[in-house]
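Open the model in your viewer and keep the sequence panel visible. The tour moves from one selection to the next.

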Amino acid sequence: MPSHKLNYFNLRGRGEIIRLIFAAAGAEFTDNRIEFDQWPALKADAPLGQLPYLTIDDSTHIPQSMAIARYVARETGLAGKNNLQQAQADAIVDTIMEPVNYYWSNIFKIQDANEKAEAFKAFLVDQGAKGAKNVEKLIGLYGSNGYSVGDSLTWADLAVYDVASALLSKHPEFSDKFPVLAAVYKNVLANEKLANYVKNRPETPF
Ligand SMILES: N[C@@H](CCC(=O)N[C@@H](CS)C(=O)NCC(=O)O)C(=O)O
């Protein structure tokens with residue numbers, strides 16, 4: 001395997017799905033966490049002036065979190081066992097990313113704390129719930145035994161875990177509403193490598 005360096009802020013954000021894939025595979029990578037005050041001086045090095053980007057063999061740079069995650073999943077055998085499973089995993093990830101992208105574009109940037117809390121509450125009952133139901137529907141069609149696709153771990157499980165953990169840590173009551181997501185979440189944490197990674201990763205606000 002070539003060498004990999006993930007360049008991202010010291011946050012989970014759009015970079016954590018990529019770290020989770022490396023961790024699940026037990027694959028080596030350099031986790032280059034950039035502090036906000038370092039970023040202005042480094043921005044010009046990023047292919048699109050944004051993070052994350054992945055540096056392969058110290059020479060090639062790939063931007064876009066989902067393109068990087070899909071590449072790492074393929075490199076590590078976590079993309080799905082065949083072309084069909086890969087499409088199923090992609091469909092699940094795209095479905096999860098719809099509410100997540102809505103959150104980043106519309107809720108995250110609200111400055112006023114009360115307004116933000118109200119907007120987040122509304123988000124959970126509309127975009128959030130719709131996204132979760134759609135993901136549960138796809139997992140019902142493609143997955144089994146706590147796996148989103150087929151009967152083994154794929155990056156779709158890690159995407160479900162990443163989003164569900166942000167939600168379930170603040171709103172544990174959602175496990176009753178979304179039992180299929182909660183089962184994938186539990187299954188991911190039953191994986192020793194992932195449980196260790198999650199236990200030892202840096203604490204960040206999001
Ligand atoms: N579509 C891109 C979005 C990347 C993005 O919005 N990155 C933000 C951080 S999450 C960023 O680099 N912000 C700093 C900047 O634009 O200078 C992806 O998924 O990677």
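How many bridges join strand S3 to strand S4, and do the two run parallel or antiparallel? Select residues 53–56 for S3 and residues 60–63 for S4: the strands are antiparallel, and four bridges join them. This is a predicted model.

Stay on this pair and pick Ile 56; its bridge partner in S4 is Thr 60. S3 and S4 make up a hairpin, with three residues between the strands. In the turn, select Asp 57 and check its backbone: phi is positive, about 50 degrees.

Next, the ligand. Select the residues around it: Gly 13, Arg 14, Lys 43, Gln 50, Leu 51, Pro 52, Gln 64, Ser 65 and Met 66. Coloured by class, this shell shows three nonpolar, four polar and two charged residues.

Now select residues 82–206, where an unreviewed UniProt entry places the feature "domain: GST C-terminal". Helix makes up 76% of this span and strand 0%. A distance between the C-alpha atoms at its two ends reads 33 Å.

Finally, select the whole protein chain and colour by secondary structure. Nine helices and four strands appear, in the sequence order β-α-β-α-β-β-α-α-α-α-α-α-α. Along the principal axes, the C-alpha atoms fill a box of roughly 45 × 45 × 30 Å. The radius of gyration is 17 Å, which agrees with the value near 17 Å for a compact globule of 206 residues. Of these 206 residues, 32% count as buried. Among contacts with a separation of 6 or more, 68% link residues 24 or more positions apart.

Note on methods:
Residues are numbered from 1 along each chain as its sequence is written. This is a predicted model: local features need pLDDT of at least 70, side-chain atom pairs count only at pLDDT 80 or more; totals for chains, interfaces and linings use all residues. A residue is near a molecule or strand if its C-beta atom, placed from the backbone, lies within 6 Å of it. Ala, Val, Leu, Ile, Met, Phe, Trp, Tyr, Cys and Pro count as nonpolar, Asp, Glu, Lys and Arg as charged, and the others, Gly among them, as polar. UniProt positions are given in the numbering used here, feature names are shortened, and annotations may be inferred rather than shown by experiment. Two strands pair if DSSP finds at least two bridges between them. The radius of gyration is taken over C-alpha atoms; the globule rule is 2.2 Å times the number of residues to the power 0.38. A residue is buried if 20 or more other C-beta atoms lie within 10 Å of its own, exposed if 12 or fewer, and partly exposed in between; C-beta atoms are placed from the backbone. Two residues are in contact if their C-beta atoms, placed from the backbone, lie within 7 Å.
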